[in-house]
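Reader: I would like to go through this structure by asking about it piece by piece. Please keep the answers plain.

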Amino acid sequence: MRLIFLGPPGAGKGTQAKRLTDKYSIPQLSTGDMLRAAVSDGSEIGKRAKEVMDAGGLVSDDIVNQIVSERIEQPDCAKGFILDGYPRTVPQAKALADNMRQKNLVLDAVIELRVDEEALVRRIESRVAETVAAGGTVRSDDNPESFRKRLSEYREKTAPLSQYYEQQGELVLLDGMADVDAVTAAIEAVLEKDGDTGASAARI
Ligand code: ADP
C-alpha cells in the first residue's frame, strides 16, 4: 500500500500515519524526520537544511526528491510506505510520479486532512506543552514565528497539490477536525474501499 498524506502542519498526518504503520506493517516516511536526522548527524544535507527549516521555509525540491527516491528503495518499503510531509510542492509531486513510474510502483491513495487554522495553532501549542511536560526537546521550528511561516508556505506551495491530485482522481478529503479515532476509521474505510459504512463519518 502506497499512500500520501496531505495537510497543513498540525493536521494529524504523523499521528494517523503511525497508526497505519502498525496496522499495515509499512513504514511512515516523514521527510521532516529525515531532515531533522540529517541535521543532528551534521551531514552536508543537514547543514544546508537547518537554517531554512528553523525559519519555517521549505528545503529545496532537489534535496527532498533525492532523499525520498533513495529511501523508497530500502527493503522495508517493499510492501509499501506512507509519505508524510512529501510531496510538498507540485514539482515534488511530479518528481515523485516520475520516480515511482521508473520503479514500477503505483500510488494507492492521496489522503488530505482538512482542518481550520485556529485549531492548528492550538494543536501546535499543546504539542509544545506536552513535549516540555514530558521533558523532551521542543523542535526548533515549533515557535509562533516559524509556525506562521510554515502555514503560509503550506497555503502557497502545498495547498495547490489538492487540485493536482484531484485532477488525477486520486484525492480523498477527510475532516481532520473529527476525533483521532474517527479519522483513523475513515482512513481505513477508504483503504478498504468501504466508503459507504458508518466508519466514514469523517469523510467530506
Ligand atoms: P510540519 O508538517 O509539522 O511543519 P515536518 O516535520 O513535516 O513539519 O517538516 C519540518 C520542516 O522540514 C519543514 O518546515 C521544511 O522546512 C522541511 N521539510 C519537510 N518536508 C519537506 C519537503 N517535502 N520539502 C521541503 N521541505 C520539507
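Author: The questions and answers below cover confidence, salt bridges and helix packing.

Reader: What kind of model is this, and how are its residues numbered?

Author: This is a predicted model, in which local features need pLDDT of at least 70, side-chain atom pairs count only at pLDDT 80 or more, and totals for chains, interfaces and linings use all residues. Side-chain values use heavy atoms, with hydrogens and water left out, and residues are numbered from 1 along each chain as its sequence is written.

Reader: What is the average pLDDT of the chain?

Author: pLDDT is the predictor's confidence in each residue, from 0 to 100. In this chain, 95% of the residues score at least 70, and the average is 91.

Reader: Over which residues does pLDDT stay under 50?

Author: Where pLDDT is low, the predicted coordinates should not be read in detail. The stretch in question has 8 contacts beyond four places in sequence (contact means heavy atoms within 4.5 Å). Its pLDDT stays under 50 over residues 195-199.

Reader: How many salt bridges does a search of the whole structure find?

Author: A salt bridge is a side-chain nitrogen of Lys or Arg within 4 Å of a carboxyl oxygen of Asp or Glu. By that rule, the number found in the whole structure is 18.

Reader: Which residue forms a salt bridge with Arg36, and where do the two lie?

Author: Helices (H or I, at least four residues) and strands (E, at least two) are DSSP runs, numbered from the N terminus. Arg36 and its partner are 3 residues apart in helix α2 (residues 31-41), so about one helical turn separates them. Arg36 has 27% relative accessibility and the partner 42%, and each counts as partly exposed because buried means under 20% relative accessible area, exposed over 50%, and partly exposed in between (1.4 Å probe, protein chains only). The N to O distance is 2.8 Å, and the partner is Asp33.

Reader: Is Glu112 buried or exposed?

Author: The side chain of Glu112 meets that of Arg114 in a salt bridge, 2.9 Å from N to O. Arg114 is partly exposed, at a relative accessible area of 39%. For Glu112 the relative accessible area is 4%, so this residue is buried.

Reader: What is the distance between the closest N and O atoms of Glu118 and Arg122?

Author: Both residues lie in helix α6 (residues 117-133), 4 residues apart, about one turn of the helix. Glu118 and Arg122 are both exposed. They form a salt bridge, and the closest N and O atoms are 3.9 Å apart.

Reader: Which residues do salt bridges with shared partners join into one network?

Author: One member, Arg150, is found in helix α7 and is buried, with a relative accessible area of 11%. Beyond four places in sequence, Arg150 touches residues including Pro9, Gly56 and Ile124. The network joined by shared partners consists of Arg127, Arg139, Asp141, Asp142 and Arg150.

Reader: At what angle do the axes of α6 and helix α7 cross?

Author: Two packed helices are described by the angle between their axes and the distance between the axes. Axes are lines fitted to C-alpha atoms, for helices over the stretch in contact, and angles run from 0 to 180 degrees between N-to-C directions. The axes of α6 and helix α7 (residues 144-158) come within 12 Å and cross at roughly 140°.

Reader: Are α4 and α5 roughly parallel or roughly antiparallel?

Author: Angles under 35 degrees count as roughly parallel, over 145 as roughly antiparallel, 65 to 115 as roughly perpendicular and the rest as oblique. Helix α4 (residues 61-71) and helix α5 (residues 90-102) pack at about 30°, with axes 10 Å apart. That angle makes α4 and α5 roughly parallel.

Reader: Which residues of α4 and α5 make the contact?

Author: On the α4 side, the contact is made by Asp61, Val64, Asn65 and Ser69. On the α5 side, the residues are Pro91, Gln92, Ala95 and Asn99.

Reader: Which residues is Pro160 in contact with, leaving aside its neighbours within four places in sequence?

Author: Pro160 is found in helix α8 (residues 160-167) and is partly exposed, with a relative accessible area of 33%. Its C-alpha atom is separated by 7.2 Å from that of Val90, 70 residues apart along the chain. The residues in contact with Pro160 are Val90 and Arg155.
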